[in-house]
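Please look through the sequence and the model shown below before reading on. The explanation afterwards is meant for a reader who has not met this structure before.

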Amino acid sequence: MSENYAFIGLGHLGGNQAASLVRNGFAVTVFDRDPAAVDRLVALGAVAAKSPAEAAARAGNAITCLPSPMVSEAVLSGPEGLLEGLPEGGTWIEMSTNGRDEILRLAALASAKGVETLECPVTGGVHLAAVGKITALVGGDPALYARHRPAIEAMCAKSFLMGPIGSAAVIKVITNMLAFIHLVAAGEALMLAKKGGLDLAQSYHAIVASSGNSFVHETESQLVLNGSYDIGFTMDLALKDLGFALGMGETFGVPLDLASRVKAIFQQGKDAYGGDAWSTQIVKLLEDAVGTDLRAPGFPAKLEI
């Protein structure tokens, strides 16, 4: 018999992940501050709750996908929070991106109430989450992972158990750090191609087939070339994750020169376009500085599978 789940946080990532659970036959109770997001899941077969506590009490296990550790803590242990509803022996699966210290502290709050924690941040992008093909990075007890693996695999094509709680936070922050570095690099590469007189579409495909290729170039460069920049991920979120990376660098004694420079560039991007601007618009910063747009025909406004 499959587990039942409450799902809290139905944004760009969470809404798609909750939908994958429903599509795969799991009983899902949802809560979000956005009524429209809740309505979309109810239309698919989920049940709505009036609070995280109510959702957790109905389901016995809870999944969260939220924008910051502060929000995660409020949803977990604040008034009408998950810990008011989860039974002893229930599980909290945290799919948000946290720093290692944050997830260790939050897991301790849950443990004090008899609730086990599995950290399960995801990577790969909203377009992969939409079709259940995103990757999960898991930290926690192996037996707990095995218990909830059917649900994780309903949402994610691949999952990697990285070690105890805190381990997934480290690798997730590393992957995001790499993605933002690659994004800035891809923008610089395309601008060199443009100013060098090359056809941008042909340049895109040549890079894909080269030793300089990256997952980010294959995906996000298309949105730059289209001009939509619509990646479903904001400047503020990028700055949060880069802050986590730099914090880990200090803790572990690793100088992160590239990450430091990229964080400064993203701060410029936020100053120019706002924290809610798509992270891919960091390339627009270079376009504006050079006075040259990077556009080519035949590229999608949103990523497609």
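The paragraphs that follow treat strand pairing, then the cysteines, and finally the packing of two helices.

The model is a predicted one. A useful starting point is strand 4, which spans residues 61-64. Its side chains alternate: Asn61 and Ile63 point one way, while Ala62 and Thr64 point the other way, and all are buried. Strand 4 pairs with strand 1 (residues 5-8) in the parallel sense, over three bridges, and in this pairing Ala6 stands opposite Ala62. Strand 4 also pairs with strand 5 (residues 91-94), again in the parallel sense, over four bridges. Here Ile63 stands opposite Ile93 of strand 5.

The cysteines come next. A disulfide is a covalent bond between the sulfur atoms of two cysteines. The structure holds zero disulfides. Cys65 takes part in none, and the nearest cysteine sulfur, that of Cys120, is 9.7 Å away. Cys65 is buried, with a relative accessible area of 13%. Cys120 is likewise buried, at a relative accessible area of 0%. Its closest cysteine sulfur is that of Cys156, and because the two sulfurs are 5.5 Å apart, they are too far for a bond.

The last topic is helix packing. Helix 9 (residues 167-195) and helix 14 (residues 282-290) pack at an angle of about 35°, with their axes 8 Å apart. Their crossing is right-handed. Helix 9 contributes Leu183, Val184, Gly187, Glu188, Met191 and Lys195 to the contact, and helix 14 contributes Ile282, Val283, Leu286, Glu287 and Val290. By class, seven of these residues are nonpolar, one is polar and three are charged.

Technical notes
Residues numbered from 1 in each chain as written. Predicted model: local features only at pLDDT ≥ 70, side-chain atom pairs only at ≥ 80, totals over all residues. Heavy atoms only, no water. Axes fitted to C-alpha atoms, helices over the stretch in contact; angles between N-to-C directions. Helix = DSSP H or I, 4+ residues; strand = E, 2+ residues; numbered from the N terminus. Left-handed = near helix turned anticlockwise from the far one by under 90°. Contact = heavy atoms within 4.5 Å. Nonpolar A, V, L, I, M, F, W, Y, C, P; charged D, E, K, R; others polar. Buried < 20%, exposed > 50% of the residue type's maximum accessible area, 1.4 Å probe, protein only. Pairing = 2+ DSSP bridges. Disulfide = S-S within 2.5 Å.
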